[in-house]
Each structure stands twice: as structure tokens, then as C-alpha cells.
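Hi everyone, and thanks for coming. Today I'd like to walk you through a structure that is probably new to you, so let's put it on the screen.

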Amino acid sequence: MTAPRRPWWAFLRTRRVPTVVIGLAPAVILLTGMFLLPLIQLVTMSFADDYRNPTTVFTLENYVEIFTRAYHLESLVGSLAVSTTSMAAAAVVGYPVAYYLVHSTSKYKSLILLATISPLLTSIVVRGIGWLILLGENGVANQVMLTVGIIDEPVRLLYNFGAVIVGEVNILLPFMVLSIMTSLGQIPRSLTDNAAVLGATASQRFLRITLPLSAPGLVSGAVLVFILAMGSYVTPKMLGGGMVKVVTMDIYSRMLVDFNWPLGAALAVITMLLTLSILLILSRVQARLIGNVRL
Amino acid sequence: MQPVSIELRNVTKVFGGNVKAVDDVSLTLEPGHLVTLLGPSGSGKTTILRAIAGFEEITSGEILVAGNRIENVPTHRRQLGMVAQDYALFPHMTVHDNLRFGITTSRRARRETARISPVEMNNRIGSMLELVGLDGYGSRRPQQLSGGQKQRVALARALVTEPRVLLLDEPFAALDKHLREQLQLEVRRVQQQVGITTVFVTHDQGEALSMSDRIAVLRDGKVEHYGTPSEVYDHPLTSFVAGFVGRTNILHGEVAGVRNGLVEVGLEGAQIDVSSDQSGLSVGDRISVLVRPEQITIENAGVPAGSENRILGTILKSVYFGDRFDVTVQTSAGVVVANIMRRSATYHGLEPGESVWIAFHPSAIALAPGS
Amino acid sequence: MSGRLHRKATSAALGAYTGVVAFFSALPLLVLIPVSLNSKAVVRLPEDGISFQWYVNVFTSTTFPQAFVTSGLIALVSTSASLAIGSVAAWVLTRNRFRGVAAVEAFLISPLLLARIIYGVAMLILLTQAGLIRTLPGLILAHIVIVVPYVVRIVGSTLIGIPGSLEEASEVLGANQARTFLRVTVPLLLPGLAAAAIFGFITSFDEFTMSVFLTGPRTMTLPVEIFKYAELVVNPSVAAASVMMILGTLLGALLLEKTVGLERVLKT
């Protein structure tokens, strides 16, 4: 006679369940109340017309405003422009750094690694101030260049798109470098060694083996940089000085200056959805790459 | 402490997806016995052990220790001792503290509130280390110990809590041959000295035969044979058991006749007599004849017949092992491997192509249901 | 051989390039030090001698010290709470692979995927309704939410290196699950806990993008305070305060390097 089938909820009868529940309860309760709930309220607020009574009226006017007012659309486009440029720049700048750090045996490696990831260990505000001091008209860069004689008058380095990109790449480079390093580190040395035995030159080995196999890391680094850049506020604000419009500044003004919370919430939701959809698209690309690259 | 019995009643364990790891197993382990659960991977032996320990919940059935059901008792209150395959010694504690941890937590689990003085604690730990031959190793850390030493510490830690039952999960798997044999004797000695009922899991039939009071041979979640080592070896109940415990030649045939204490079996091209009191066999039943290689002797074709069963055959090959030859002979009834011990240094072995008789005594055979 | 030379040249070029990039990565931080020591009230490298007046100024004439204390307090409390909540959760998740456990784990890690500004706006709404806006408890709760994912990740990955057989052995010896966790698991988890603690502390202490929505005049955190000050004026005082903030986090990073090794933490 066969034993009776065990129902799916039978695991609840095991003795491990109380521990599981007690162990997870604090974290789950905290995140439900302080993470899930606020997000739900955010969405609710985006459909409201009065921030004091967000649930009395349901309206789409906030979303309509976002898509009809040029200002908001420009902010969104601005964010996309900053994010994609930062992503590309970080990839180009960061790849050789990652390559070097993975293959180097220099004793300075730790120091260089520390310097490269220092942005992760300091506040973005401090970074922003550092750049302001460096690039300002009365700042250090101009001071040095004037003293050395490269220029005769202080140059306007700040408050433009370029300055924002420099600031963003400075902060986000570590994420790109670490991601590529992980991917590069997983490529067995034997692959390139074998290729050398088979007659491949150094550049062939790099282009045909190393680069393709590190693509997953490159893409996931790019995705990360993109998402973080979309959400950055301090750098565009401090280094852009109002000349570079991004959606985060728009949200900030709506929430804390105008007190137009419904509109701010709608902007936040749009940003979130935009980031999410781009994330999904890039994830598909990533999955395809990883699939081709199974080591 | 009085040794206790362990009883498994209709124990079944189904993993998600209808994988029956343990299929209606019923076993009784006598107090003080070392019982080995022997079988290949996937036979369910480890699952049974882990169920007794409380790490796996059984789907149905009962597990009793000293007559009390324990399926709903949490692991830490079952009063067990266990030696895991990787010894599981706490790396952040010394050997002494590993044992002390066992003593204090087991006492707490049993609600023993009487205080133990540091002197008495040290004495208990010390005498246990002496018992396993590691006197003076108390201040070492697990990382400083060899594999064999770790194993002995694990055993000491398990026993120092004065458990009712000892569980050993393939404890010698990671050791080299020489160390294994040494430790097998040691563990058996300690087990008998302490007199604790022990469940021992292994896939090594040599270990099982040398250490056990009883062996349960498992296959696909079922017990195929539960008996003493000699019962399992000399009179295996199924051809799987015969093949798993030691080597066996299996010849297929039909029952030709049943006489007093003898069964005539017709094999392909030969008829042999088997000493067996197996009732329930009738003429025409398909049957498997199981003969161990060491029970077979090889005689030259010219030698006259004796009282043994004889089948004519041709030597296919003869492999030299130093102390013995493994001779493979092609007979009409099938291919047979014989294990011939060298009786003297001048014994040269047998040549392929030679015509020989293979011979074996009627009582050196086991019968199993045929296929 | 030209191959060898070629390789050495490429290697040297790569090294030089990386050095330059690393230098520029650290430059915004490095430049703060000399500027903060300028004897004149200009954000330039000192030309007429150095002075510590700005550091003194930070303590005497600004509200930065107050903000420092607030930030430190929030970081301490939220990191401790996150460690307790997160490590127990990570332990339970790693040792019990039921169906649905993976979903819970993903849920606990999800705050990492949300832009802090979005979360800040959402919390602004919630905390205002809950009456906790611009209060320390409100800030602490928000900080715990963003630190817990790091704890769960780091502790979870450390836990994989601790064999479950140790905990099973502990239970067989008579310890219940709670005692096993405290006496066996936690001592072996210390490196992971230390890494999570330092990482969490730095994350909380440096946090701006979310906190700017939740702070008020009486609950200013240091990053927000420095930002607001810098909106008005960028002078050596601000540079000095920034340097002090960097020193704090540098200490934390060195601790990380000494106890666990930076690369291992960042691999999680």
C-alpha cells in the first residue's frame, strides 16, 4: 500500500517552522510597513489632487501634466541623457582599469583599488563639494592652470553637462570596475593560454576571448551605473547649477518647495517605471550574453 | 546508563516530487547492538539516520527509542550522540571546550540543575579523552588535529553527553585505508565497552561485516536483508544482497527436483545439488544460484569427480593479485569467477584456454528467487 | 624578444592609465585637505601659508558638530538594529530552503534596487502621515530599511561558508536552535558581522538623497547640513567639515581592510 500524499502545507507542521517565523518576522514586518507601505502610499499620492487628503479624489491630472508640460519631459530626457552618457563613459574609462586590477601583481594594487573605490566610502555631498572646489572659477583647477600659465583667464568648467558627467562617472566608476573585475576574474587563465598555444596574438586573444567573455560583467556594470545615475540628485544639482535639468531635481522641488506632493509622487512613479523598463530590457540583453558565455 | 532499543515501524519518507527515499521500513535494534545500515547511495540509509536524529521529518510511520515515540521530540531533546561525516568539531573552541559544550548543553536539555564543579568537569572530559586514546589533547584546536584524531574527538564529544543512542554517519569516509581499519577497531571497542546502542551508516561492506552485530542491507529505500554478518554474507536473501556484500557469482536455472534437504537445480548444461531447507520451492521454479568466488575450487579436466558439484569450463583469464588469483572461467551455465588462494610460492596459476572443472560444495551455495 | 617588450610596454601603459584614473578618482577628496588649511578664505590651494582656523571654526561657529552627533547616533542605532534583524533573517533563510524562502529573501533585498530618492519621497509621505516626519525615530527606521539588505547579503554569503553540520552537531548535543545560533553560529559569523556593521555604518552616516526629505531643523544629519551650507557658500570651513567626515569613513574603511579584506566584502 502506498503512503498517503503529503499536502503542501504539511511543512508547517515541522518543528523548524516556529523558528523560521520568529526569525523572519521582524525583518518582514519592518519592510512591509516601512518599505512596501510607503511605496503603496506613493502610488496613491500620485493619483491625488491634495496632499493633505490623498485618498479623497482619484485623478490622472498629475500624469497628464507630466506628459504635457515641456518642463517635466525635459527633466526626464535630461535624466536619460545623463544616465546613458555616464554609463558609456564609465564603461570606456573603467574597463582598462578593471583589466589592470585583475591581471596586475603590483604591490600598489591595494592602494590603487582603494583609491578607485573611495567614492563608495564617502558621501556624495563631500564628493560634490570636492568637485566644486576643483572646477570652480575661483577653484583649484583654474588656480593651477593660471599659475602654470596654460590660460590667462579663469575658465568656466562648472555648471554644464560635462561637469555633471565627470562628477557622475567619478562616483559610479567603482560599480563598473568591480562588476567587470568579477567577470574578468572568472575567465580561466587556461583559455587565453591555450589560444596563445594555438597561435593567437595578444590583441586577438583580447578581442576574441577576453572581451566577449567579460561582456556579462560589462553589461551588469552598465545597468547598475545607469540605474544609480537615474536616481542621482546631488551631482546634477551641485555641478549642473540649474543648467542641467534632471528629473530628481524636479521631484525635489515639487516635494519640498512647491509642496505639490501629488505631482512629485507621479514624477517619482514615472521615474521608477522608466528605470524598471530599461532594467528589464538590459537584463534581457544580459541574459542573452550570459547564455552565450557559459563558462 | 542502560542500553536501549530502537524501533522503526513502517517508516516512510517521501521527498517532494514523489521520491520515496525510505519505503515502509521496519527494524528493531536490540539494546547495546551496533547495527549497520549498509547500501549504495540513494538507498535511504542516511535518510533513516537523519530521521532518527531529527533532521528529517518522516512522512509516515513511527520511531521509538526505549519504547517511546520520538518523531515529535525536537532533536536537542532526543539524548543522542552523533558523529557526522565531516566530524563537525567547533573550530572556535579547543578540544576540551568542544566536549565541555556537549556536557553543559546536554545537561541543560535534560534539565539537570545540579552544579558540576570544574574539577568534576575536567575529570569527565579527561577520562573520555583517555577512552578514545587522546589523553592530553584537550588544549588543541580542531585545525591542529589529523583526520583520525578529529574523528576520535568527535566520538568523545558524542559519548561524553552520555546519550542513549549513538549515530555514526560514514565516519571513516575521509580516512585512508590503514587509518580506517585502525579506527574501525577502536570505535567498535569503545562502543562495546560503553555498551551503547549504535546505528552505523556506511556503503563499505567490509566495515559492516567486521564491526556489526547486525546488518540491514538497504536498496531503494527498502530493507532487503536484516541479519547477522554471517547470515548476510553466507545466506543472502536476494541476489542484490549477495552482490553488494562481497562478490558473488550468479547462475540462473530451474528447480529440477526437491529431495530431503537437497534441491536439484538444472543449469544450462549442468545439474547441481544445493543444500537447502527452503520449502515452497516447486519443480519448474526459476531460481538464481549464488556462489562466492572463494568457495570455488578449480580442478584439471582429468581429475575424477568427488562429492561436489562440478561444471566443465574453459579458463578465460587469470589475474594475479599477489596472494591470490582471480580466475574467470567460461562454462555452459555462465561466466564464473573463482578466487584461488596461492598455497605455495611455486603455484603458477592457470593458463587461458585450459579446460577445467569448477567445483563447489552443495552447502556453499545460496538460493534466491530467480529472474 | 619583441613579444616580451610589447607585453611589458602594454602592462606599463595600462598601469600608468589606471594610476591616473585612480588619482582622479581620489582627487576631489584629496584636494579638500590643502584647501581646508588655507589661511585665506578662498577655496584654493594655500599660497600664503596654512592655518587650522577653519577646523576651529567648525567647532565654534557652525552647527556641524551637532549634525555629526546626530548622524553618528542614527548610524549606530540603525546599524545595530539592522545587524540583529538582518543576521537572524539571513540565518533562517540560508538554513531553511522551503518553497517561498527565495521570495522572502528577494523581498528583504529589494530596497537595494530602489533609487533612494524615490524611497525618500515615499517615506516623506508615510512618515508625515504617521507623525514621525523630521524626528529621529523616523530617520532611524528609514536607515534601518536601507541597511538591512546589506546585512542580509553579507551575512548570508558568510553563512554559506559555515557548514550546517556544525549546527546539527550542536543540536544533537542538546542545544536548541536559539542557543545554537548564539553559541555556535554567531562566533563563527563575526568576520561577516563586522563587515556588515562597518558597511552599514558608512552607508547610514554618508546617506543624503533619502535623508534630505526626512530631516528637520532639529534632526539634521551631517551630509544634509553640509549640503545646505554649501548651497549658500563654499569656503574652507565647508572643506574642513568635509575632511573631518572623510577621516571618519576612512577609519571605517581601514577597519574593514584589516578585519576582513575590502575585496571580499565588495564581492558580495
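Let's begin with helix H8 of chain C and its surroundings: the cover over the buried residues of H8(C) includes helix H1 (45-53) and strand E6 (80-83) of chain B, along with helix H9 (177-206) of chain C. Before I go on, please note that this is a predicted model, where local features need pLDDT of at least 70 and side-chain atom pairs count only at pLDDT 80 or more, while totals for chains, interfaces and linings use all residues. Residues are numbered from 1 along each chain as its sequence is written, and chains are lettered from A and ligands numbered from 1 in the order in which they are written.

A few words on vocabulary. Helices (H or I, at least four residues) and strands (E, at least two) are DSSP runs, numbered from the N terminus. A residue is buried if 20 or more other C-beta atoms lie within 10 Å of its own, exposed if 12 or fewer, and partly exposed in between, with C-beta atoms placed from the backbone.

So how many residues of H8(C) are buried? Seven of the nine, in a helix that spans residues 164-172, so H8(C) is largely enclosed by the rest of the structure. They are Leu166(C), Glu167(C), Glu168(C), Ala169(C), Ser170(C), Glu171(C) and Val172(C). After H8(C) comes Gly174(C), which has a positive phi, near 120 degrees.

Now let's step back to chain C as a whole. Chain C has 12 helices and zero strands. Its C-alpha atoms fill a box of roughly 75 × 75 × 30 Å along the principal axes. Of its 268 residues, 51% are buried.

Next, the neighbours. Two residues are in contact if their C-beta atoms, placed from the backbone, lie within 7 Å. By that rule, 73 residues of chain A are in contact with 67 residues of chain C. On the chain A side, helix H1 (residues 17-46) provides the largest share, 17 residues. That side divides into 50 nonpolar, 21 polar and two charged residues. Here Ala, Val, Leu, Ile, Met, Phe, Trp, Tyr, Cys and Pro count as nonpolar, Asp, Glu, Lys and Arg as charged, and the others, Gly among them, as polar.

Finally, the contact between chains B and C takes 19 residues from chain B and 15 residues from chain C. Helix H2 (95-109) of chain B and E6 each give two or more residues to the chain B side, and H2(B) gives the most, with six.
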